Every structure is written in C-alpha cells, then in structure tokens.
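User: I've got a model open and I'd like to learn how to read it. Could you walk me through it, one feature at a time?

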Amino acid sequence: MSEVLRLIKEAAAQKAAQEKPKGLRVAAYCRVSTDSDEQKTSYRTRSILHGYDTAASGWTFAGIYADEGITGTSRLHRDEFNQMLEDARNGKIDLIVTKSISRFARNTVDTSTDARQLKQLTPPVGIFFEKENINTATM
C-alpha cells in the first residue's frame, strides 16, 4: 500500500471514529489502472473528493476502499474491491459511491452481477455512479 493511500485511509478511519452513526453507511471506491504519477495524482484527488461532508448529507462515513495500479477487467488482485464487497455482504455498508461505472469495473458482466447481488442483500446495498448519475438502490 502506498504512503498516500495509507494516509488517506488513516484520516478516513479517524473521521469515521468521530462521527455518530446516522442514516446510510456510505463507502467510497476508487481505482486507478496504472502506477503513473498522473494516475496517482488522479487517484489521490478522487480519494479526497470522496471524503465528502457526510454530516451535511445525513450519512455515516463507512470508509474508503481504493485499488491502485490494478486493472478493472478482473477481480483478481483487487484486494480493496473484494474487501468492500465482503463488508457490504456483512452489513457494514449501505451505499457505495464511485466516480463511474468504468472505475468500479471494466467488465460489464461483473458490474451487473455485483450490482444485482448487492441489491438482493437484506438490507439491500446500492451503488451510486457519480458520472452517470445512476443509483442502483433506486432502480
């Protein structure tokens, strides 16, 4: 794990520890597919932007899950993505926020399968794709 990711995750954990649970438990997912400086800067920016003001939205911050230097065509080696799905299945997350469908996964079958499986959980877990303005919880 890069130093940038470690610091972001530490700050996110501290923020979550300070919040009183309320409303939806919302997690952010970020992925960049290369280790280039430009991609890491993009990744760092996305991670920070996903640290939105949960208090104003009435949401509880459930963490940031981020994979760097990993392709989105397969779940293999996407440790943070797989941990996020596991946490959702274990009732720790109500909504996942991500920049776009392509940042969530490049494989459309995996994307639709994951969205469907998460929505069928009790309680259901939604995915909000910011760029496309799609919320699977309301479909």
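Analyst: Sure, and let's start with the sheet. Keep in mind that this is a predicted model. Five strands make an open sheet with mixed pairing, in the order β2-β1-β3-β4-β5. At the edges sit β2 and β5 (134–135), and each of those pairs on one side only.

User: How do strands of a sheet pair in general, and in which sense do β1 and β2 pair?

Analyst: The general idea is that strands in a sheet pair through backbone hydrogen bonds, and they can be parallel or antiparallel. Here, β1 (residues 25–32) and β2 pair in the parallel sense over eight bridges. To trace the register on your screen, find A27, whose bridge partner in β2 is G63. Then go to R31, whose partner in β2 is D67.

User: What joins β1 to β3, and how do they run?

Analyst: Four bridges join β1 to β3, and the two run parallel. A handy marker is A28, bridged to V97 in β3. Carry on across the sheet and you find β3 joined to β4, again by four bridges and parallel. For that pair, look at I96, which has I127 as its bridge partner in β4.

User: Is strand β2 mostly covered or mostly open?

Analyst: To judge that, count a residue as buried when its relative accessible area is under 20%. Strand β2 spans residues 60–68 and is mostly covered, with eight of its nine residues buried.

User: Which way do the residues of β3 point?

Analyst: Look at the strand from the side and sort its residues by direction. In β3 (residues 95–98), L95 and V97 point one way while I96 and T98 point the other, and all are buried.

User: Let's zoom out. How many helices and strands are in the chain?

Analyst: The chain has six helices and five strands. Going along the sequence, you meet them as α-β-α-α-β-α-β-α-α-β-β. As for burial, 40% of the 139 residues are buried. The surface that the chain exposes comes to about 7,600 Å², with carbon and sulfur atoms supplying 54% of it.

User: What share of the contacts join residues at least 24 apart?

Analyst: Take the contacts between residues at least 6 apart in sequence: 71% of them join residues at least 24 apart. For a pair you can click on, try E130 and K99. They are 31 residues apart in sequence, yet 5.0 Å apart in space, C-alpha to C-alpha. E130 is in the loop between β4 (126–129) and β5, and with a relative accessible area of 38% E130 is partly exposed.

User: Where is D110, and is it buried or exposed?

Analyst: D110 is in helix α6. Its relative accessible area is 18%, so D110 counts as buried. Setting aside neighbours within four places in sequence, D110 is in contact with T73 and R75.

User: What should I look for in the backbone itself?

Analyst: As a rule, most peptide bonds are trans, and most residues other than glycine have a negative phi. Look for places that break the pattern. The peptide bond from T122 to P123 is cis, with omega near -5°. P123 belongs to the loop between α6 and β4. Then there is N133, which is not a glycine but has a positive phi of about 55°.

User: Where does N133 lie, and is N133 buried or exposed?

Analyst: N133 lies in the loop between β4 and β5. Its relative accessible area is 61%, so N133 is exposed.

User: Last one: how much space lies in the largest pocket, and which helix gives the most to its lining?

Analyst: About 160 Å³ of space lies in the largest pocket. Helix α6 (residues 108–119) gives the most to the lining, with five residues. To see the lining, select I101, T111, S112, A115, R116, K119, F129, I134, T136 and M139. Sorted by class, the lining has five nonpolar, three polar and two charged residues.

How values were computed
Residues numbered from 1 in each chain as written. Predicted model: local features only at pLDDT ≥ 70, side-chain atom pairs only at ≥ 80, totals over all residues. Heavy atoms only, no water. Buried < 20%, exposed > 50% of the residue type's maximum accessible area, 1.4 Å probe, protein only. Pairing = 2+ DSSP bridges. Contact = heavy atoms within 4.5 Å. Areas by Shrake-Rupley, 256 points an atom, 1.4 Å probe, with all protein chains shown as cover. 1 Å grid on protein atoms, 1.4 Å probe; cavity = no way out; pocket = protein on both sides within 12 Å on 5 of 7 lines; lining within 4 Å. Points joined across faces, edges and corners; volume = space filled by probe spheres on them. Nonpolar A, V, L, I, M, F, W, Y, C, P; charged D, E, K, R; others polar.
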